[in-house]
Amino acid sequence: MADRRASLGRVQAYLGRCSAAEALANRDAFGGVTLQGVHGLKIARVLDRAGELTGVDLDPAAYLARGKPATPVVRGQLGFDLDLPVFDWIEVQAELGLPVIRTAGPRLRVGQVDALKAELDRDYPVPVSVTLVLDGGWLGSRHSGVLAEQLRAADRDVSLVLGAPFDPVDSSYKVQGLRRLLRWSNRTGRRLELLRTGPIGIPAVAAGAKVAAIGLSSSTRHLGGPVARRADGTRPKRSPQVFVPRLLHWQRGVDLKGTEVTHCACAACARAGSGLQRFDVAFDSSVPAGVRNAAREHDLHALAAVVRGVGAAPDPREELARLRQDAQDLAETVGVTVPKWLGGWD
């Protein structure tokens, strides 16, 4: 069993805009942290100057760029746009000596096989992990076989970013599609990572993924898409999203009912003295920064505790199976919806 624990990859935090102190706090809690885009590169350079870059890596996140390409800049100059024609993400990651160098990665819509082949076949001056930014439909029964075939043919390390309006792994077929890719990784020894993912990254690492970077904000747990507005034009009230350890998922604070759900023994909740009940609030517009920060501090401690508990178990997969079953039983008892993967990862 000890060998099984030793072979596990790493579950770490994925951060959008953050401070250097936040990056270090998450790095120390999880053992690693992935920073996003140009802002993340700035933070990485700050940490490098301080000698604190161990356990830090980058997602270039060029797929987040909007609009027309920016005016070209002098090589090495750091601008604020993520789509800089002459800005070399491979070079800057290599210069920092990061543990993995990821490509920028355009978004690939379902069925764009030629574009997928082109991205996998591109040459680079140093070893890289090819970032594939894929709509969740690539994992469905119709396309997952094609995707796995292209990965076999290319024989490259891969970093996956999955996109969908809500959940890119929202069916048993997509769960099986993801597991198919993990089997490819295990058979070939090629590195497979999940970036800006949700708690599904925990069983993915137990099944062979080398890294699962879980987003600590709703915008960094997958690549979002357009969401239909309500027909009556009503804007729903905003409530903080918080990680519920016993449900293995994030829930809105106003939806948390019952002490089985709201009790939390993480360090942040112990200091606050009120568990998750303090997040039972709603606002007409955005959630205030103070509430968001309190939720993120809780998320850091609570998620890291779950990850450490699974990693320290004699059999991590058996422990995950127990936690998944407990989460499904509790969700049924309190009447909340949990992600499909909880019941489909077998």
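What follows is a friendly conversation about a predicted model.

Colleague: To set the scene, how many helices and strands does the protein have?

Modeller: The secondary structure comes to 13 helices and 10 strands. Buried residues make up 48% of the 346 residues.

Colleague: Happy with that. What makes β3 and β4 edge strands?

Modeller: Start with the open sheet of 8 strands, which runs in the order β3-β2-β1-β8-β7-β6-β5-β4 with parallel pairing. β3 and β4 each have a single partner strand, so one side of each is left without a neighbour in the sheet.

Colleague: And how do you know that β4 pairs with β5?

Modeller: Pairing requires at least two bridges between the strands. Here 2 bridges join β4 to β5, so the requirement is met. The two strands run parallel, and Arg107 has Val133 as its bridge partner in β5.

Colleague: Arg107 also has a charged partner. Why is its link to Asp135 called a salt bridge?

Modeller: The cut-off is 4 Å between a side-chain nitrogen of Lys or Arg and a carboxyl oxygen of Asp or Glu. For Arg107 and Asp135 the closest N and O atoms are 2.9 Å apart, so the pair qualifies. Arg107 lies in strand β4 and Asp135 in strand β5, so the pair ties together parts that are 28 residues apart in sequence.

Colleague: Are those two residues buried or exposed?

Modeller: Buried means under 20% relative accessible area, and exposed means over 50%. Asp135, with 13%, is therefore buried. Arg107 has 24%, so it counts as partly exposed.

Colleague: What about Arg27 and Asp28; what makes them a salt bridge?

Modeller: Their closest N and O atoms are 2.7 Å apart, which is within 4 Å, so they form one too. Arg27 is buried at 11% relative accessible area, whereas Asp28 is exposed at 56%.

Colleague: Lys257 and Asp280 have a value of 3.7 Å. Why does that pair count as a salt bridge?

Modeller: Because the N to O value of 3.7 Å is still within 4 Å. Lys257 lies in the loop between β10 and α9, and Asp280 in the loop between α10 and α11, so the pair ties together parts that are 23 residues apart in sequence. Both residues are partly exposed, Lys257 with 47% and Asp280 with 39%. The structure holds 18 salt bridges.

Colleague: Now a puzzle: why does Arg221 have no salt bridge?

Modeller: The nearest side chain of opposite charge, Asp299, is 5.1 Å away; the cut-off is 4 Å, so no salt bridge is counted. Arg221 is buried all the same, in the loop between β8 and β9.

Colleague: What does the side chain of Arg221 reach instead?

Modeller: Two backbone oxygens: that of Gly215 at 3.2 Å and that of Ser217 at 3.4 Å. Both values are within 3.5 Å, so they count as polar contacts. Beyond its close sequence neighbours, the contacts of Arg221 include Arg196, Thr197 and Trp250.

Colleague: One last item, helix α3. How do you know that its span is close to the expected one?

Modeller: The helix has 13 residues and reaches 19 Å from its first C-alpha to its last, close to the 18 Å expected at 1.5 Å a residue. Its buried residues, including Val38, Leu41 and Ile43, pack against α2, β2, β3 and α4. Just after α3, Gly51 takes a positive phi of about 70 degrees.

Key. Residues numbered from 1 in each chain as written. Predicted model: local features only at pLDDT ≥ 70, side-chain atom pairs only at ≥ 80, totals over all residues. Heavy atoms only, no water. Helix = DSSP H or I, 4+ residues; strand = E, 2+ residues; numbered from the N terminus. Expected span 1.5 Å × (residues − 1). Buried < 20%, exposed > 50% of the residue type's maximum accessible area, 1.4 Å probe, protein only. Contact = heavy atoms within 4.5 Å. Lys, Arg positive; Asp, Glu negative; His and termini not counted. Polar contact = N/O pair within 3.5 Å; in protein donor to acceptor, adjacent residues only side chain to side chain. Lists of a residue's contacts leave out its neighbours within four places in sequence.
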